[in-house]
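I'm opening my notebook for a fresh look at a protein chain. I'll jot down each thing as I look it up.

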Amino acid sequence: MTTVGLIGSGNIGGTVARLAVAAGHSVVLSNSRGPDTLQDLAAQLGPLARSATAEEAARSADIVVVAIPTKAYLSVPAAPLAGKVVIDANNYSPQRDGHIAEVDSGSVTSSELLQRHLPSARVVKVFNNIVFKHLLNLSRPAGAPDRSFLPIAGDDADAKAAVTAFLDSIGYGTVDSGPLAEGWRQQPGTPVAGAPYGSFDNEQGTPAGADVIRTALAAATR
């Protein structure tokens with residue numbers, strides 16, 4: 001059993017928590033408003049879930065999912081994440097986050113910014129290309145013919161392997177999209193962002209196999 005820490009427990013973070021608990025993992029929920037605001041969600045998820053501060057979530061978890069606005073990335077506690085696998089589920093949005101010159105220019109990806117802030121952690125980008133309703137409803141067991149796949153980007157092979165194993169446990173296969181510098185291929189506006197999993201209006205979603213995801217990644221342009 002893995003302990004999963006959530007830094008940000010909104011639509012994506014909360015959905016990952018639900019899938020993790022269903023797979024038998026324990027989860028530690030946190031957000032910017034404090035543990036008390038997450039007690040209801042923890043109660044809904046059951047005995048495998050608890051709410052805590054971001055520091056506690058980072059310290060107690062084996063894998064930590066960061067699902068917050070990109071503009072808040074500097075608020076992620078660095079020290080307790082040293083050596084740990086950190087999943088970056090964020091998407092950069094200038095309308096929400098303000099303009100970040102390095103990301104706007106393409107010289108770095110938003111995940112590389114997070115990795116720079118967490119120099120001793122091992123960041124892997126995933127969950128950012130699928131809406132939370134589809135993430136919840138497209139989960140399938142290993143070997144299912146209609147299993148969906150998610151792209152992952154990262155610089156550390158062992159971290160990617162750990163994330164692949166975690167995703168497998170919660171119902172998803174993975175397609176390696178390269179290092180963090182290639183994470184732009186799964187950002188909003190690219191072929192792999194949202195569309196392979198069906199219309200936003202269809203809550204159940206459309207399964208997207210590995211070949212569909214590879215083709216979409218290859219079609220991405222800047």
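Before I can place anything, I need my terms: helices and strands here are DSSP runs, at least four residues for a helix and at least two for a strand, numbered from the N terminus. I also remind myself that this is a predicted model.

**Entry: Ile130**

I started with Ile130 and found it in the loop between β6 (122–125) and α7 (132–137). Is Ile130 buried or exposed? The cut-off for buried is under 20% relative accessible area. Ile130 comes out at 5%, so I put it down as buried.

Next I asked what Ile130 is in contact with, leaving aside its neighbours within four places in sequence. My list reads Ile12, Leu135, Leu138, Leu150, Tyr172 and Tyr197. I also checked Ala22, which is 108 residues apart from Ile130 along the chain; their C-alpha atoms are separated by 19 Å.

**Entry: the loop's Phe127 and the helix's Phe132**

Phe127 sits in the loop between β6 and α7 too. I looked up its backbone and got a phi near 75°, a positive value in a residue other than glycine. I noted that down because most residues other than glycine have a negative phi. Phe127 has a relative accessible area of 1%, so it goes in my buried column.

Phe132 belongs to helix α7. At 27% relative accessibility, Phe132 counts as partly exposed. Leaving aside neighbours within four places in sequence, I found Phe132 in contact with Asn11, Ile12 and Thr15. So far Ile12 has turned up for Ile130 and for Phe132. I also looked at Asp62, 70 residues apart from Phe132 along the chain, and their C-alpha atoms are separated by 23 Å.

**Entry: the sheet**

How many strands form the sheet, and in what order? I wrote down 8 strands in an open sheet, ordered β3-β2-β1-β4-β5-β6-β7-β8, with mixed pairing. Which strands stand at the edges? They are β3 (49–51) and β8 (173–178); each has a single partner strand, so one side of each is left without a neighbour in the sheet. The twist averages 25° from one strand to the next.

I then went back to β6, the strand before my loop. It is joined by 2 bridges to β7 (residues 149–154), and the two run antiparallel. Across that pair, Val124 stands opposite Gly154 in β7.

Two helices caught my eye here. Helix α8 (residues 157–169) packs on the sheet and touches β1 (3–7), β4, β5, β6, β7 and β8. Its direction makes about 160° with that of β7. Helix α6 (residues 110–117) lies across β4 (63–66), β5 (85–88) and β6, and runs at about 165° to β6.

**Entry: pockets**

I looked up the largest pocket and got a volume of about 430 Å³. Which of its 24 lining residues are closest to its centre? They are Ile12, Ala89, Asn91, Asn128 and Ile130, so I'm back at the residue I began with. Helix α1 (residues 11–22) gives the largest share of that lining, 3 residues. By class, I count 12 nonpolar, 11 polar and 1 charged residues around the largest pocket.

The second largest pocket has a volume of about 310 Å³. It is lined by 15 residues, and the closest to its centre are Val103, Trp184, Gln187, Pro188 and Arg222. Its lining divides into 5 nonpolar, 8 polar and 2 charged.

Definitions and conventions:
Residues numbered from 1 in each chain as written. Predicted model: local features only at pLDDT ≥ 70, side-chain atom pairs only at ≥ 80, totals over all residues. Heavy atoms only, no water. Buried < 20%, exposed > 50% of the residue type's maximum accessible area, 1.4 Å probe, protein only. Contact = heavy atoms within 4.5 Å. Pairing = 2+ DSSP bridges. Axes fitted to C-alpha atoms, helices over the stretch in contact; angles between N-to-C directions. 1 Å grid on protein atoms, 1.4 Å probe; cavity = no way out; pocket = protein on both sides within 12 Å on 5 of 7 lines; lining within 4 Å. Points joined across faces, edges and corners; volume = space filled by probe spheres on them. Nonpolar A, V, L, I, M, F, W, Y, C, P; charged D, E, K, R; others polar.
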